[in-house]
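Reader: I have just opened my first protein model and would like some help reading it. Could we go through it together?

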Amino acid sequence: TEFGLESAFVEARVLAKFPKTGGSRVIPIGWAEQAMENDNPETGQTIRLGVDVASDGGDEFVIAWCDGWTVSLKHKSSGGQNENAMDVARKILEVILEAEQVHKDRGVREPVRVKVDEIGVGWGVVSVLKRWRDERKHNALIIGVNVSERARHGDKYTNQRAELWWNGRLCVQPDQQGRQQVRLNVDRRTLAQLAGPVYKSDTQGRIMIEKKADIKKRGLTSPDRAEAVLLALYD
């Protein structure tokens with residue numbers, strides 16, 4: 001039900017056949033478009049943030065805002081203004097304080113959770129944000145995510161990036177009644193990025209997600225906006 005009969009994962013793990021080299025879309029465009037029109041997402045009071053710092057030379061620094069199960073983009077910028085880790089951290093702090101005010105207004109005691117891609121420049125941003133928490137400039141829980149590290153479910157995913165993307169797939173996958181967990185309040189560029197990467201299975205039947213470099217070779221943009229959205233949803 002989760003993968004579909006044509007999935008390389010099902011071919012390897014269920015039918016016990018050597019997986020094909022071809023891949024399938026991680027997030028089908030139809031599911032993503034349906035999530036943009038979802039009027040009945042799951043409810044929740046907490047704010048979660050996802051941050052892609054574009055540390056690998058990607059185009060944009062992006063902050064995604066997940067309010068309950070409705071996701072939108074709070075900030076996006078590109079160019080030289082993103083080169084300084086302190087400037088990036090200050091912008092994230094602004095959004096954290098805004099989210100904390102929402103929690104206060106709602107009477108939510110749980111801290112705002114901020115997931116930051118900590119590869120490259122992101123490592124310095126995570127360090128600054130954690131120091132500012134120690135100095136009581138904010139009370140958010142700062143979580144550095146290294147997507148190249150081992151996945152929590154290492155028997156199913158090749159790394160955390162695969163787990164991150166597949167978690168996003170499950171969030172937008174319609175159930176048997178056609179209902180979805182998430183609403184996507186995003187633009188078409190974000191939608192295209194979410195629907196861009198393909199997946200396949202390795203020789204152990206684990207899910208692999210297309211690398212950013214390979215995505216760019218196919219003429220698509222770096223999925224910075226998509227990965228910020230996925231980080232906001234990923235716990």
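Reader: Which residues does Val229 touch, not counting residues up to four places away in sequence?

Author: A word on the model first: it is predicted, local features need pLDDT of at least 70, side-chain atom pairs count only at pLDDT 80 or more, and totals for chains, interfaces and linings use all residues. Residues are numbered from 1 along each chain as its sequence is written, and side-chain values use heavy atoms, with hydrogens and water left out. Contact means heavy atoms within 4.5 Å. By that rule, Val229 touches Ala64, Val71, Leu73, Leu184, Val186 and Thr190.

Reader: Which element gives the most to the largest nonpolar core?

Author: A nonpolar core is a set of buried Ala, Val, Leu, Ile, Met, Phe, Trp, Tyr and Cys residues joined through side-chain atoms within 4.5 Å; buried means under 20% relative accessible area, exposed over 50%, and partly exposed in between, with a 1.4 Å probe and protein chains only. This core has 37 residues, and Val229 is one of those that touch the most other members, along with Ile27, Val71, Trp165, Leu184 and Leu233. Elements giving two or more residues include β3 (60-67), β4 (70-78), α5 (160-172) and α8 (224-233), where helices (H or I, at least four residues) and strands (E, at least two) are DSSP runs numbered from the N terminus. The top contributor, with seven residues, is α8.

Reader: How many residues are in the other core that lies apart from it?

Author: Among the members of this other core are Val51, Val116, Trp132 and Ala140. Its residue count is 24.

Reader: What is the volume of the largest cavity?

Author: A cavity is a set of points, on a 1 Å grid over the protein atoms alone, where a 1.4 Å probe fits but cannot get out, and lining residues have an atom within 4 Å of a point. Grid points are joined across faces, edges and corners, and the volume is the space filled by probe spheres set on the points. The lining is Ile27, Gly168, Val172, Leu184, Leu194, Val229, Leu230 and Leu233, with α8 giving the most, three residues. The volume is about 30 Å³.

Reader: Why is β3 described as largely enclosed by the rest of the structure?

Author: Strand β3 is joined to β2 (residues 47-52) by six bridges and to β4 by eight, antiparallel in both cases. Two strands pair if DSSP finds at least two bridges between them. As for enclosure, β3 is largely enclosed because seven of its eight residues are buried.

Reader: Which residue in the turn of the β3 and β4 hairpin has a positive phi?

Author: The hairpin has two residues between its strands. Beside the turn, Asp67 has Thr70 in β4 as its bridge partner. The turn residue with a phi of about 65° is Gly68.

Reader: Which strands stand at the edges of the open sheet of three strands?

Author: The strand order is β1-β8-β9, with antiparallel pairing. β1 pairs with β8 (residues 198-201) over two bridges, and one bridge partnership is that of Ser24 with Tyr199. Each edge strand has a single partner strand, so one side of each is left without a neighbour in the sheet; these strands are β1 (24-25) and β9.

Reader: Is Arg136 buried or exposed?

Author: Arg136 is found in the loop between α4 (121-134) and β6 (141-145). Its phi is near 65°, a positive value in a residue other than glycine. Most residues other than glycine have a negative phi. Because its relative accessibility is 71%, Arg136 counts as exposed.

Technical notes. 1 Å grid on protein atoms, 1.4 Å probe; cavity = no way out; pocket = protein on both sides within 12 Å on 5 of 7 lines; lining within 4 Å.
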